Every structure is written in C-alpha cells, then in structure tokens.
Amino acid sequence: MGAEPRIRVSAILRWRGRVLLIRHEKVGRERWLLPGGGVNSGESLVDALQRELAEEIGIVGLEDELPVEGPVAIVDSIAPGGMPGGVTKHVVHIIFAGDLPLGSLEAIRSRDEAVRGHRLFDVDELDGIVLHPPIQRFLRRWQPGDPVVYLGALWAP
C-alpha cells in the first residue's frame, strides 16, 4: 500500500518568452523543477505557492507577492516501481503561471538548501533536460489564457 498523495504547487514564471526553472539536488540526484513546493495542512494553494516562491526564488526587493493566475494545469506523477519499503511516491502538481518582474533575475536569493541554481530556458531547450514532472510538451504549447488542463498521470523517476 502506498503513501497518501502529496500536493505540490508550482508556477510557470515567464520572462521575455522563456521559463524559469530551479535546479534541485536531493539524495545525490539532480533535476529541474518549476519553482514551488508542498502544501501544508490548512494552507491555501495560493498561500503555499507564495511561501514556496519566497523560499526558492526569494526575489530581493520585491515588496509584494508575485502575481499569479490559475491554476493552469494539474498533473500527477507516480514513481514507477515504488520507493524503498514498497511505498509509491505520488505527487499531485497544481501549476499556476505568472511573469517575473523586469530585472528580478539578478535579485534571486534562494533560502532552500536543495536549490542548486536557476536558469531561464527557451521552451525548445527543454527536451534535453530532466524536468519533473516531465511536462515539456505542455510548456511548448501552453499560452497564457488557455483553459485549465489535466495532463493525466505521468510516470516519473
């Protein structure tokens, strides 16, 4: 029997037609993620997203919360073959979207010890990286204002 699904909120943050990704390293494994993180019990999705954005990208000098729209997509990722002890890792990703303020990239200061860097990617560059969840196709075709999309269950290591 697996563990309960975990809810993760994240944001497609755009800047000049590119998407900001955060490089995470945990247990010796590196992957790229949309900035975001887990939702605590009793915390709204938007409050969790704003807290996680402050932790992961903590833009110095940004006085207000980063404006976001959405959610724009929902996807679940389920680890194939399970985890140690037979537990399957199941994460429900609720994805929002927003624009980074001009000049904000130089001011990113992460407080999350798992974050090893950040980078803006053109959507055409995404096929060459390990993105979790693997939503490269969605990011290539998604446009602001599109309706909410359920991307289904994506099996991700």
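In this predicted model, Trp32 is buried, with a relative accessible area of 13%. Its ring has a partner: Trp32 and Phe121 form an aromatic pair with 5.0 Å between the centres and 80° between the planes, an edge-to-face arrangement. A pair of aromatic rings is described by the distance of the centres and the angle of the planes. Because planes over 60 degrees apart count as edge-to-face, the angle of 80° places Trp32 and Phe121 in that class. The contact links distant parts of the chain, since Trp32 belongs to strand S3 (residues 29–33) and Phe121 to strand S7 (residues 115–121), 89 residues apart. Phe121 has a relative accessibility of 1% and is therefore counted as buried.

The structure holds two aromatic pairs. Phe138 and Trp142 also form one, with centres 6.5 Å apart and planes at 40°, which makes the pair tilted. Here the angle is neither under 30 degrees nor over 60, so the label is tilted rather than stacked or edge-to-face. Phe138 is buried at 4% relative accessibility, and Trp142 is buried at 6%.

Turning to the overall layout, the protein has two helices and eight strands. Their order along the sequence is β-β-β-β-α-β-β-β-α-β. Of the 157 residues in the protein, 43% are buried.

Helix H1 offers a handy check on geometry. Its twelve residues (residues 45–56) should span 16 Å at 1.5 Å a residue, and the end C-alpha atoms are indeed 16 Å apart, so expectation and model agree. Which residues of H1 are buried? They are Ala48, Leu49, Gln50, Glu52, Leu53 and Glu56. After the helix comes Gly58, with a positive phi near 20°.

Val46, also in helix H1, is partly exposed, with a relative accessible area of 38%. Together with Ile7 and Leu45, Val46 makes a nonpolar surface patch of about 200 Å². Residues need over 30% relative accessible area to enter such a patch, so Val46 passes with its 38%.

Charged side chains come next. Side chains of opposite charge can pair when their charged atoms come close. The count of salt bridges in the model comes to seven. Within helix H1, Glu55 forms a salt bridge with Arg51, and their closest N and O atoms are 3.4 Å apart. These two residues of H1 are four residues apart, about one turn of the helix. An α-helix has 3.6 residues a turn, so residues three or four places apart point the same way. Glu55 is partly exposed, with a relative accessible area of 24%, and Arg51 is partly exposed at 24% as well. The pair is part of a network of salt bridges that links Glu43, Arg51, Glu52 and Glu55. Glu52 in this network is among the buried residues of H1.

Another salt bridge joins Arg14 and Asp99, with 2.9 Å between the closest N and O atoms. Arg14 lies in strand S1 (residues 6–15) and Asp99 in strand S6 (residues 90–99), so this salt bridge ties together parts that are 85 residues apart in sequence. Are the partners of this bridge buried or partly exposed? Arg14 is buried, at 14% relative accessibility, whereas Asp99 is partly exposed, at 45%.

Arg23 and Glu30 form a salt bridge too, and again the closest N and O atoms are 2.9 Å apart. Arg23 is partly exposed at 22% relative accessibility; the value lies above the 20% under which a residue counts as buried, so Arg23 is not placed in that class. Glu30 is partly exposed, with a relative accessible area of 43%.

A polar contact completes the picture. The side chains of Ser77 and His93 are joined at a distance of 2.9 Å. Ser77 is located in strand S5 (residues 69–78) and is buried, with a relative accessibility of 3%.

Conventions:
Residues are numbered from 1 along each chain as its sequence is written. This is a predicted model: local features need pLDDT of at least 70, side-chain atom pairs count only at pLDDT 80 or more; totals for chains, interfaces and linings use all residues. Side-chain values use heavy atoms; hydrogens and water are left out. Rings of Phe, Tyr and Trp (its six-membered ring) pair if their centres lie within 6.5 Å; planes under 30 degrees apart count as stacked, over 60 as edge-to-face and the rest as tilted. Buried means under 20% relative accessible area, exposed over 50%, partly exposed in between (1.4 Å probe, protein chains only). A polar contact is a pair of N or O atoms within 3.5 Å; within protein, one must be able to donate a hydrogen and the other to accept it, and residues adjacent in sequence count only if both atoms are side-chain atoms. The expected span of a helix is 1.5 Å times one less than its number of residues. Patches are made of residues with over 30% relative accessible area and no salt bridge: like charges are joined within 9 Å, nonpolar side chains (Val, Leu, Ile, Met, Phe, Trp, Tyr) within 5 Å. Accessible areas come from the Shrake-Rupley method with a 1.4 Å probe; for residues, only the protein chains shown count as cover. A salt bridge is a side-chain nitrogen of Lys or Arg within 4 Å of a carboxyl oxygen of Asp or Glu.
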